[in-house]
Amino acid sequence: MPKKDLIAKKDLKNLNIQFTPKISKILPKKEFHVPRHFSVSSIGTFLTCRRKCWYSRIRRLVPKLSPDYFYIGRVWHEALDVLYSWQSYDAALRQIKRSIKKESKSPWFTADQFERIKTDRTILSAMLNGYYQVYGKEDFKKWRILRGEIEFNLPDFLNSGFDFNGRMDSALKIATGPHRGTWCLENKTASQISNYQLEQVKIDPQILGYVSACGHILGKKPRGVIWNVIRKPSIRQKKAQTLTAYRKELEQDYIDRPSFYYNREYLFVPTKAVEEWEEEITNVLLDFELACQQPEDKHIWYKNPSMCTMYGRCAYLSLCSRGEKIQTLSMFRIHTRDEETEKKGNKDGKRKTEKKRKEIIDKRKTRQTRKHYSGI
Ligand code: SF4
């Protein structure tokens, strides 16, 4: 089906968005937007709460200020990406400092949170040190990174009329041993690791989606996903303890109890499971398409109150509970197209860095080969 035919202009009019004059000052009608792309998490939002999907994807409302619960995970991802891409512990440590500095500039970070950010930096450095000792050196020998962090955009995914966007950690190749083959790498931070998580991860849409996307990007389905989980520390900083002493204690604990802190599973993903996910996703996209074509008063974007406090407080709770008023709406801003363009600019910058990284690693390898021959 051609893209343009999927949501015609007349369908947009059917949506019949009514704004009172006052509200329209805050949310101009022209900002209304029907997305032509999806990611695994946006589909998750649609499935868990349609109302949330309506606010975040169709109305493009983002909270002006909201605490970011996931920033530790983000910094950890960036650090591991650098660790494997540059094969350097020091570079990864520097990346933690850089990422933390960048995060601390975000508007939700207030002055009283600077102590917290120092502690977080200490925790992340200790996590990295332990990880490098337990896995890093061995992985450098066995793993060949095919692509560092991959930002992908698969246009008209499975002829659905929607582009599939996302970001996955890495694609890598193992040359020998029982795990020989191509794998996607999925890094995670968790407070605890349980057996049922391992069961659930086999049908996790993120895992299946990444394998599917990776197959489209590399032209061949990878064997599966390396599920690489690290537990956040259970030890807290004592009152009189300095950050240096705390860091040493954590580093030692990460080295002493590797099986408590690290969990790595090679999850083989069969082709049938990926095909099943692809069929399911096509059906969900069809539902999304139909929902977009319904007028708002049909209440097709219904609420799911059981999700309001499932992962902390939902950012749209005030809108759902108190309604769309000046007071509640003024806590949001509209995600603009300029921000997307800026993201695209970052991607171009990343491509240049990737090229530079390959050159440096090639040079390093040539130097090592020269050293090797000169030593004969
Ligand atoms: S507050 Fe609850 S019902 Fe409203 S969007 Fe969030 S999860 Fe959905």
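Colleague: Why are helices α7 and α8 called roughly antiparallel to each other?

Modeller: The axes of α7 (residues 89-104) and α8 (residues 114-142) cross at roughly 155° and come within 10 Å, and the label follows because angles over 145 degrees count as roughly antiparallel, those under 35 as roughly parallel, those from 65 to 115 as roughly perpendicular and the rest as oblique. The axes are lines fitted to C-alpha atoms, for helices over the stretch in contact, and angles run from 0 to 180 degrees between N-to-C directions. Helices here are DSSP runs of H or I with at least four residues, strands are runs of E with at least two, and both are numbered from the N terminus. Please keep in mind that the model is predicted, so that local features need pLDDT of at least 70 and side-chain atom pairs count only at pLDDT 80 or more, while totals for chains, interfaces and linings use all residues. Residue numbers start from 1 along each chain as its sequence is written.

Colleague: Which residues make the contact of α7 with α8, and what is their character?

Modeller: From α7 come Tyr-89, Ala-92, Leu-93, Ile-96, Lys-97, Ile-100 and Ser-104, and they meet a set in α8 that includes Ile-117, Leu-124, Leu-128 and Tyr-132; two residues are in contact if their C-beta atoms, placed from the backbone, lie within 7 Å. The residues of this contact divide into 9 nonpolar, 3 polar and 3 charged, where Ala, Val, Leu, Ile, Met, Phe, Trp, Tyr, Cys and Pro count as nonpolar, Asp, Glu, Lys and Arg as charged, and the others, Gly among them, as polar.

Colleague: How do you know whether α8 is roughly parallel or antiparallel to α11?

Modeller: The angle between α8 and α11 (residues 243-256) is about 30°, with the axes 8 Å apart, and that makes the two helices roughly parallel. Their contact draws on α8 residues including Lys-118, Thr-122 and Met-127, and on Leu-243, Tyr-246, Arg-247, Leu-250, Glu-251, Tyr-254 and Ile-255 of α11. This contact divides into 8 nonpolar, 5 polar and 3 charged residues.

Colleague: What makes α10 and α13 roughly perpendicular to each other?

Modeller: Helix α10 (residues 205-218) and helix α13 (residues 271-292) pack at about 100°, with axes 9 Å apart, and the pair is therefore placed in the roughly perpendicular class. Pro-205, Leu-208, Gly-209, Val-211 and Ser-212 of α10 meet Ala-273, Val-274, Trp-277 and Glu-278 of α13, which gives 6 nonpolar, 2 polar and 1 charged. Helix α10 also lies across β4 and β5, running at about 105° to β5.

Colleague: Why is one side of β3 and of β9 left without a neighbour in the sheet?

Modeller: Their sheet is open, with 5 strands in the order β3-β6-β7-β8-β9 and mixed pairing. Strands β3 (143-147) and β9 (262-268) stand at its edges, each with a single partner strand, so one side of each has no neighbour in the sheet. From one strand to the next the twist averages 30°.

Colleague: What makes the pairing in that sheet mixed, as shown by β7 with β8 and β8 with β9?

Modeller: Two strands pair if DSSP finds at least two bridges between them. β7 and β8 run parallel and are joined by 8 bridges, whereas β8 (residues 224-231) and β9 pair in the antiparallel sense over 7 bridges. Gly-224 of β8 stands opposite Trp-183, and its bridge partner in β9 is Phe-268. Trp-227 has Glu-265 as its bridge partner in β9. Helix α6 (residues 71-86) packs on this sheet, touching β3, β6 (170-174) and β7 (181-190), and its direction makes about 145° with that of β7.

Colleague: Which strands are the edge strands of the sheet β1-β5-β4?

Modeller: In this open sheet of 3 strands with mixed pairing, β1 (37-38) and β4 (150-154) are the edge strands, as each pairs on one side only. β4 and β5 (residues 163-168) run antiparallel and are joined by 5 bridges, with Phe-164 in β5 as the bridge partner of Leu-154.

Colleague: Which residues surround the ligand, and how do you know that they belong there?

Modeller: A residue is near a molecule or strand if its C-beta atom, placed from the backbone, lies within 6 Å of it. The ligand's surroundings include Cys-49, Arg-51, Lys-52, Cys-308, Cys-314, Tyr-316 and Cys-320. The elements giving two or more residues to this shell are α5 (50-58) and α14 (317-322). The shell divides into 8 nonpolar, 1 polar and 3 charged residues.
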